[in-house]
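Please take a moment to look over the sequence and the 3D view before reading on. The paragraphs below lead through a few pairs of helices, then the surroundings of the ligand, and then the domains.

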Amino acid sequence: MAARALADTVLDTAIVPGPRRSDELRTVLLTGASGFLGAYLVHELVNRLGVRVWCVVRATGPVAAQRRVEAALRRHRLWSETTMRNVGAVPGDLTAPRLGLTAADYQRLAETTDAIVHNGARVNHAEPYERLRAANVTGTVEILRFACRSATIPVHFVSTTSVAARQDTPVREIVPGLPGNADGYVLGKWVAEVLMTQAAARGLPVLIHRPDRICGAAATGATGTDDAFWTIIRAIARLGVAPAIADVAISLVPADYVASAIAHTVGQHPRIGARAPVHHLVNHTSITLEAVLDRLRANGFPVEIVAPENFVVELSRAARTDMGMARALILSQMTGPGTSEWDDTTTRRALSGSGITCPPMTADLIDRHLDHLTEIGFLPNPAA
Ligand SMILES: NC(=O)c1ccc[n+]([C@@H]2O[C@H](COP(=O)([O-])OP(=O)(O)OC[C@H]3O[C@@H](n4cnc5c(N)ncnc54)[C@H](OP(=O)(O)O)[C@@H]3O)[C@@H](O)[C@H]2O)c1
């Protein structure tokens, strides 16, 4: 796996940026707009920067592509007619040559795009590198090829803190060497970061954004439901039991902070340089797992603490008939890299004066998420 990943870190020599068209920022190309963070990015890019956003989305045609973006915005309570007026969508696929775009779409977008936010990825910590490679590595190469196609288009790449997570902290905002013990997803993101730095060394303006685990907006709690943390919380809420484990600190980064920080730097347009800056988008505050369980109880979900082996027995029983519980069972057996301390000096410098700051982890933020997840039926209704 690591050997294949290392072999993938050599960027095609044909990918060389040409001259910059202009410093104007009217049109942004976004990948992953049908997903969780993508919806927040659409919202922030349109409303913060006043640009038109073109979304490359897997779909059978342009109408279906547009509908998928609309659905993502509605799902995260971000839809408005005004926003949608500045959003266009084209069918595409990161795993395909030319991003799966028609020749006409590819040409038109290459000629009119002023910045790219490459956020799309197959996000799955359980899949091997080989299965994720087409979307997460080849897709990134295709984005870089597109960025150098007719004029130089600055690229903002959405990576993850998992690429650099370490215990000997604080973790600096640089691209590290091959991460040890990385799963296929993290390895793919690391390869993509290395490819980004090579493109930057050839003169392409590149910025790497590394969010930590993302939650919904602090005000609405409108989060994605594929996330490991909420999958485990759902299992606890449904079973009414939680394992007796050492208390851990939970840090989540609200999606509106992540998206507005990225949009703000897109507005600043990275200058051409031989280095790809890295921005850590992290929350320096945390809440204990014990406090999260208290919020569950306060919101009407009784939670009893049981021995870890009894929790696994209960979860295994529920997993026979519920895919979400099966996923929670797999996730409960996985060990993460532990907590790191993140240096975000470069990020804070870039955001200074913008008024964009990360909201703290509070009981209220957890409550908003529990309300939202109950409303959409992800969590059982405690009153029922
Ligand atoms: N969520 C987090 O906690 C977190 C933390 C750190 C970094 N990130 C990064 O943030 C980005 C967005 O993550 P997310 O949580 O929003 O994930 P998500 O909800 O799963 O969204 C992923 C997006 O990528 C698209 N995509 C996947 N494969 C594709 C393909 N072959 N062609 C075109 N589009 C494809 C998906 O499209 P479909 O709808 O067609 O599947 C979807 O729009 C990712 O790059 C991820 O690595 C996320």
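A good place to begin is the contact between two helices, where Y129, L132, R133, N136, V137, T140, V141 and L144 in α6 meet G184, Y185, L187, G188, K189, V191, A192, L195 and A199 in α7. Sorted by class, the residues in this contact of α6 with α7 are eleven nonpolar, four polar and two charged. It should be kept in mind that the model shown here is a predicted one. Helix α6 covers residues 129-147 and helix α7 covers residues 184-201, and their axes come within 9 Å of each other while crossing at roughly 20°. Angles under 35 degrees count as roughly parallel, and α6 and α7 are therefore described as roughly parallel to each other. The crossing of α6 and α7 is right-handed.

A second pair to find in the view is helix α10, made of residues 289-298, and helix α14, made of residues 363-375, whose axes come within 10 Å and cross at roughly 50°. With this angle, α10 and α14 are therefore oblique to each other, and the crossing of α10 and α14 is right-handed. On the side of α10 the contact involves A291, V292, R295 and L296, which meet A363, I366, D367 and L370 in α14. This contact of α10 with α14 holds six nonpolar residues and two charged ones, with no polar residues.

The third pair consists of helix α11 (residues 308-319) and helix α12 (residues 323-333), with axes that come within 7 Å and cross at roughly 145°. Here the crossing of α11 and α12 is left-handed. The residues that make the contact are V312, L315, S316, A318 and A319 from α11, together with M325, A326, A328, L329 and S332 from α12. By class, eight of the residues in the contact of α11 with α12 are nonpolar and two are polar, while none are charged.

Turning from the helix pairs to the ligand, which residues are the closest to the ligand? The ligand is surrounded by 25 residues, and the closest are G32, G35, F36, G120 and A121. Helix α2, which runs over residues 36-49, gives the most to this shell, with three residues. Divided by class, the shell around the ligand has nine nonpolar, ten polar and six charged residues.

Finally, the protein as a whole can be viewed in terms of its domains. Domain 1 is assigned to 2-215 + 253-281, and domain 2 to 228-251 + 285-337 + 358-374. Taken over C-alpha atoms, the centres of domain 1 and domain 2 are separated by 31 Å. The contact between these domains takes nine residues from domain 1 and seven residues from domain 2. On the side of domain 1 that touches domain 2, the residues are six nonpolar, one polar and two charged.

Methods
Residues numbered from 1 in each chain as written. Predicted model: local features only at pLDDT ≥ 70, side-chain atom pairs only at ≥ 80, totals over all residues. Axes fitted to C-alpha atoms, helices over the stretch in contact; angles between N-to-C directions. Helix = DSSP H or I, 4+ residues; strand = E, 2+ residues; numbered from the N terminus. Parallel < 35°, antiparallel > 145°, perpendicular 65-115°, else oblique. Left-handed = near helix turned anticlockwise from the far one by under 90°. Nonpolar A, V, L, I, M, F, W, Y, C, P; charged D, E, K, R; others polar. Near = placed C-beta within 6 Å. Domains from an automatic or database assignment.
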